[in-house]
Amino acid sequence: MTTIIDNLKWRYATQKFDTTKEIPAADLETILEAGNLAATAYGLQPLQMVVVTDSEKKQALVNSAYGQAHVADNSALIVLAARTDIDEAYITEYTNRIEATRGLAAGTTDGYKTMMINDLTNRTGEARLIWAQKQAYIVLGTLMAAASELRIDNHALEGFNPSEFNQILGLAAHNLHATVILALGYRSEADDTQHWAKVRKPISDIVVRI
């Protein structure tokens, strides 16, 4: 039985996917569910996971990712897009959902709602976007770990033009901004990098114990 450590040792940034192999739909849904369960500040989930499986749409993104072929040559591409509309209405919908989900009386979460509104709406739009993007990276890590647990190869990328991704995928119309992307699939036998030894610092160099 493998452990999460075994699976993370197995994982590498896949450079070439086997385009003849598709991820089972159930496994993709498991990965997405893991992303939905990922931690975010306040539990507010200020992002969306945009799943691109259409081959033509993926191919259209390649030039906006500086020609990286694995943006198209994969089973599924997840674009993590930060929300640009974190406002009082968005926060209120969340606290209403908390009350409904937990069977709480209306108004129970008003103090929590006020705290979030004061924190987030007093930031500039740029600062709120940066905050939302940080949450997207937490979700990214969860997605990568979940995929690796299923022995599904993955490659996270920041090397792309967000504005062009927004345009091609129509994200701005949905108050979204492309932040980071994750390609999923199965490694090709022709990908030599799978045989490279993983290079990491010794645990004693990376962990500070106080």
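How many aromatic pairs does a search of the whole structure find?

1. The search, run over the whole of this predicted model, finds two aromatic pairs. They are taken in turn below, followed by a patch on the surface.

2. One pair is formed by Tyr42 and Tyr112, whose ring centres lie 6.1 Å apart and whose planes stand at 75 degrees, so the pair is edge-to-face. This pair links distant parts of the chain, since Tyr42 sits in the loop between α2 (25-36) and β1 (47-52), while Tyr112 belongs to helix α5 (residues 110-121), the two being 70 residues apart.

3. As for their surroundings, Tyr42 has a relative accessible area of 24% and is therefore partly exposed, and Tyr112, with a relative accessible area of 29%, is partly exposed.

4. The other pair brings together Phe160 and Phe165, with ring centres 4.6 Å apart and planes at 50 degrees, so this pair is tilted. Phe160 has a relative accessible area of 4% and is therefore buried, and Phe165, for which the relative accessible area is 0%, is buried.

5. Turning to the surface, Ile4, Ile5 and Leu8 make a nonpolar patch of about 250 Å². Of these residues, Ile4 can be placed in helix α1, which covers residues 4-10, and its relative accessible area of 43% makes Ile4 partly exposed, because partly exposed describes values between the buried limit of under 20% and the exposed limit of over 50%.

Conventions: Residues numbered from 1 in each chain as written. Predicted model: local features only at pLDDT ≥ 70, side-chain atom pairs only at ≥ 80, totals over all residues. Heavy atoms only, no water. Patch = residues over 30% accessible without salt bridge, like charges linked within 9 Å, V, L, I, M, F, W, Y side chains within 5 Å. Areas by Shrake-Rupley, 256 points an atom, 1.4 Å probe, with all protein chains shown as cover. Salt bridge = Lys/Arg side-chain N within 4 Å of Asp/Glu carboxyl O. Helix = DSSP H or I, 4+ residues; strand = E, 2+ residues; numbered from the N terminus. Buried < 20%, exposed > 50% of the residue type's maximum accessible area, 1.4 Å probe, protein only. Phe/Tyr/Trp six-rings, centres within 6.5 Å; stacked < 30°, edge-to-face > 60°.
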